[in-house]
Amino acid sequence: MNRRHALRHIALISGGLALIPSCDFSSDDILAAYKKLKVTTSEKDLLGVVSDTIIPSGEIKGALDIAVPDFILVMVNDCMEESTQARFMDGLRAFPDFAGKNFSKLSTKEREEKVLGGLRLEGENAPEDQKLKDVNFFLATTKRLTIQGYMASEYIQTEVIPYSLIPGAYQGKVLIADIQKPRING
(Lines give C-alpha, C1' and ligand atoms only; values in the text may rest on other atoms or scores of the structure.)
Protein backbone atom coordinates (compact mmCIF):
# COMPACT_ATOMS: atom_id res chain seq x y z
CA MET A 1 0.00 0.00 0.00
CA ASN A 2 1.20 3.49 -0.81
CA ARG A 3 2.01 5.74 2.18
CA ARG A 4 0.36 8.74 0.56
CA HIS A 5 -2.94 6.89 0.13
CA ALA A 6 -2.78 5.66 3.72
CA LEU A 7 -2.13 9.17 5.07
CA ARG A 8 -4.95 10.59 2.93
CA HIS A 9 -7.40 7.99 4.27
CA ILE A 10 -6.31 8.63 7.85
CA ALA A 11 -6.75 12.39 7.36
CA LEU A 12 -10.24 11.92 5.88
CA ILE A 13 -11.32 9.58 8.65
CA SER A 14 -9.98 11.79 11.45
CA GLY A 15 -11.59 14.87 9.85
CA GLY A 16 -14.92 13.06 9.67
CA LEU A 17 -14.62 11.95 13.27
CA ALA A 18 -13.87 15.52 14.32
CA LEU A 19 -17.10 16.74 12.67
CA ILE A 20 -19.42 14.12 14.16
CA PRO A 21 -19.73 15.71 17.66
CA SER A 22 -20.73 19.04 16.11
CA CYS A 23 -23.64 17.42 14.25
CA ASP A 24 -26.77 17.47 16.38
CA PHE A 25 -29.27 15.06 14.88
CA SER A 26 -31.70 15.32 17.81
CA SER A 27 -32.80 18.88 17.14
CA ASP A 28 -36.46 19.63 16.60
CA ASP A 29 -36.56 21.43 13.25
CA ILE A 30 -38.99 24.24 12.60
CA LEU A 31 -41.37 23.38 9.78
CA ALA A 32 -40.89 25.77 6.85
CA ALA A 33 -44.50 25.65 5.64
CA TYR A 34 -45.75 27.56 8.67
CA LYS A 35 -43.42 30.57 8.67
CA LYS A 36 -45.46 32.78 10.98
CA LEU A 37 -45.99 30.10 13.64
CA LYS A 38 -42.49 28.58 14.02
CA VAL A 39 -43.96 25.12 14.65
CA THR A 40 -41.66 22.21 15.42
CA THR A 41 -42.37 18.62 14.43
CA SER A 42 -43.03 17.60 18.04
CA GLU A 43 -45.60 20.40 18.40
CA LYS A 44 -47.28 19.29 15.18
CA ASP A 45 -47.36 15.72 16.49
CA LEU A 46 -48.94 16.93 19.74
CA LEU A 47 -51.55 18.84 17.74
CA GLY A 48 -52.22 15.63 15.81
CA VAL A 49 -52.80 13.69 19.03
CA VAL A 50 -55.17 16.39 20.33
CA SER A 51 -57.16 16.47 17.08
CA ASP A 52 -57.26 12.67 17.02
CA THR A 53 -58.63 12.78 20.56
CA ILE A 54 -61.40 15.12 19.41
CA ILE A 55 -62.33 12.97 16.37
CA PRO A 56 -60.82 9.49 16.77
CA SER A 57 -60.83 6.87 14.05
CA GLY A 58 -63.32 4.05 14.23
CA GLU A 59 -65.65 2.77 11.51
CA ILE A 60 -64.68 5.83 9.49
CA LYS A 61 -61.35 7.63 9.35
CA GLY A 62 -60.40 9.95 12.17
CA ALA A 63 -58.95 13.46 12.13
CA LEU A 64 -55.36 12.27 12.09
CA ASP A 65 -56.03 9.90 9.19
CA ILE A 66 -57.14 12.71 6.87
CA ALA A 67 -54.44 15.25 7.87
CA VAL A 68 -56.59 17.65 9.88
CA PRO A 69 -53.55 18.94 11.87
CA ASP A 70 -52.14 20.34 8.62
CA PHE A 71 -55.47 22.09 7.98
CA ILE A 72 -55.42 23.58 11.49
CA LEU A 73 -51.89 24.91 11.10
CA VAL A 74 -52.62 26.38 7.67
CA MET A 75 -55.74 28.11 8.97
CA VAL A 76 -53.92 29.54 11.99
CA ASN A 77 -50.90 30.54 9.88
CA ASP A 78 -52.85 32.15 7.04
CA CYS A 79 -56.17 33.36 8.46
CA MET A 80 -55.53 34.62 11.99
CA GLU A 81 -53.99 37.83 13.26
CA GLU A 82 -50.51 37.77 14.78
CA SER A 83 -51.79 38.24 18.33
CA THR A 84 -54.19 35.32 17.90
CA GLN A 85 -51.44 33.19 16.36
CA ALA A 86 -49.17 33.97 19.32
CA ARG A 87 -51.90 33.05 21.79
CA PHE A 88 -52.58 29.78 19.93
CA MET A 89 -48.88 28.87 19.96
CA ASP A 90 -48.55 29.84 23.63
CA GLY A 91 -51.45 27.51 24.41
CA LEU A 92 -49.92 24.72 22.31
CA ARG A 93 -46.59 25.10 24.11
CA ALA A 94 -48.27 25.27 27.56
CA PHE A 95 -50.49 22.24 26.91
CA PRO A 96 -47.84 19.59 27.83
CA ASP A 97 -47.42 21.23 31.24
CA PHE A 98 -51.19 21.15 31.73
CA ALA A 99 -51.84 17.64 30.41
CA GLY A 100 -48.55 15.97 31.28
CA LYS A 101 -45.48 15.30 29.18
CA ASN A 102 -46.70 11.86 28.10
CA PHE A 103 -50.14 12.95 26.83
CA SER A 104 -49.84 10.83 23.69
CA LYS A 105 -49.20 7.70 25.76
CA LEU A 106 -52.37 8.07 27.83
CA SER A 107 -55.45 5.97 27.11
CA THR A 108 -58.19 7.45 24.95
CA LYS A 109 -60.45 8.03 27.95
CA GLU A 110 -57.73 9.85 29.89
CA ARG A 111 -56.88 12.04 26.88
CA GLU A 112 -60.56 12.93 26.48
CA GLU A 113 -60.74 13.91 30.16
CA LYS A 114 -57.65 16.14 29.82
CA VAL A 115 -59.07 17.87 26.72
CA LEU A 116 -62.49 18.36 28.32
CA GLY A 117 -60.81 19.68 31.47
CA GLY A 118 -58.82 22.13 29.37
CA LEU A 119 -61.96 23.33 27.61
CA ARG A 120 -63.56 24.10 30.99
CA LEU A 121 -60.59 26.16 32.24
CA GLU A 122 -61.09 29.73 33.35
CA GLY A 123 -58.32 31.94 34.69
CA GLU A 124 -58.08 34.95 36.97
CA ASN A 125 -55.34 37.55 36.50
CA ALA A 126 -52.21 35.75 37.73
CA PRO A 127 -49.47 34.80 35.22
CA GLU A 128 -50.21 31.11 35.76
CA ASP A 129 -53.82 31.82 34.92
CA GLN A 130 -52.77 33.39 31.61
CA LYS A 131 -51.25 30.02 30.68
CA LEU A 132 -54.54 28.35 31.56
CA LYS A 133 -56.41 30.88 29.39
CA ASP A 134 -53.99 30.17 26.54
CA VAL A 135 -54.52 26.41 26.93
CA ASN A 136 -58.28 26.96 26.90
CA PHE A 137 -58.00 29.15 23.78
CA PHE A 138 -55.76 26.59 22.09
CA LEU A 139 -58.14 23.72 22.79
CA ALA A 140 -61.25 25.67 21.78
CA THR A 141 -59.62 26.79 18.52
CA THR A 142 -58.29 23.29 17.84
CA LYS A 143 -61.73 21.79 18.46
CA ARG A 144 -63.44 24.27 16.14
CA LEU A 145 -60.87 23.88 13.35
CA THR A 146 -60.76 20.10 13.74
CA ILE A 147 -64.50 19.85 13.17
CA GLN A 148 -64.37 22.34 10.30
CA GLY A 149 -61.45 20.61 8.58
CA TYR A 150 -62.92 17.16 9.11
CA MET A 151 -66.36 18.01 7.76
CA ALA A 152 -64.91 19.89 4.76
CA SER A 153 -62.47 17.11 3.86
CA GLU A 154 -62.69 15.28 0.57
CA TYR A 155 -63.15 11.96 2.38
CA ILE A 156 -66.27 13.11 4.25
CA GLN A 157 -67.71 14.99 1.27
CA THR A 158 -67.29 12.11 -1.18
CA GLU A 159 -67.50 8.88 0.79
CA VAL A 160 -69.36 9.42 4.06
CA ILE A 161 -71.92 12.11 3.20
CA PRO A 162 -71.79 12.45 -0.57
CA TYR A 163 -72.58 15.91 -1.90
CA SER A 164 -75.06 16.22 -4.75
CA LEU A 165 -75.23 19.54 -6.57
CA ILE A 166 -78.79 18.99 -7.70
CA PRO A 167 -81.48 16.84 -6.11
CA GLY A 168 -81.72 13.34 -7.46
CA ALA A 169 -84.71 11.66 -9.02
CA TYR A 170 -88.01 11.77 -7.15
CA GLN A 171 -88.63 8.64 -5.11
CA GLY A 172 -92.20 8.77 -3.89
CA LYS A 173 -92.56 5.51 -2.03
CA VAL A 174 -89.30 4.31 -0.46
CA LEU A 175 -88.79 2.66 2.89
CA ILE A 176 -86.33 4.46 5.12
CA ALA A 177 -84.43 1.20 5.60
CA ASP A 178 -83.78 1.05 1.82
CA ILE A 179 -81.92 4.35 1.69
CA GLN A 180 -78.16 3.72 1.55
CA LYS A 181 -76.37 6.97 2.27
CA PRO A 182 -77.64 10.41 3.16
CA ARG A 183 -77.15 12.98 0.42
CA ILE A 184 -76.56 16.65 0.94
CA ASN A 185 -78.17 18.68 -1.80
CA GLY A 186 -76.86 22.11 -2.64
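**Overall fold and the nonpolar core around F95**

Buried residues account for 30% of the 186 residues in the protein, as judged from a predicted model. The protein contains seven helices and two strands, and along the sequence these elements follow the order α-α-α-α-α-α-α-β-β. The accessible surface adds up to about 12,700 Å², with carbon and sulfur atoms contributing 56% of that area. Turning to contacts between residues at least 6 apart in sequence, 55% of them join residues at least 24 apart.

A good place to begin a tour of the interior is the largest nonpolar core, which has 32 residues. Within this core, F95 and F103 touch the most other members. Two or more residues come from each of α2 (41-54), α3 (68-79), α4 (82-99), α6 (127-151) and α7 (154-160). Of the elements in the core, α4 gives the most, with six residues.

The surroundings of F95 deserve a closer look. Once neighbours within four places in sequence are set aside, F95 is in contact with L46, V50, G100, F103, V135, F138 and L139. The list thus includes F103, which shares with F95 the distinction of touching the most other core members.

The next residue to consider is P96, which lies in helix α4. With residues up to four places away in sequence left out, P96 touches L46 and K101. L46 is also one of the contacts of F95. As for V135, its C-alpha atom is separated by 9.6 Å from that of P96, and the two residues are 39 apart along the chain. V135 likewise appears among the contacts of F95.

Conventions. Residues numbered from 1 in each chain as written. Predicted model: local features only at pLDDT ≥ 70, side-chain atom pairs only at ≥ 80, totals over all residues. Heavy atoms only, no water. Core = buried A, V, L, I, M, F, W, Y, C linked by side-chain atoms within 4.5 Å. Buried < 20%, exposed > 50% of the residue type's maximum accessible area, 1.4 Å probe, protein only. Helix = DSSP H or I, 4+ residues; strand = E, 2+ residues; numbered from the N terminus. Contact = heavy atoms within 4.5 Å. Areas by Shrake-Rupley, 256 points an atom, 1.4 Å probe, with all protein chains shown as cover.
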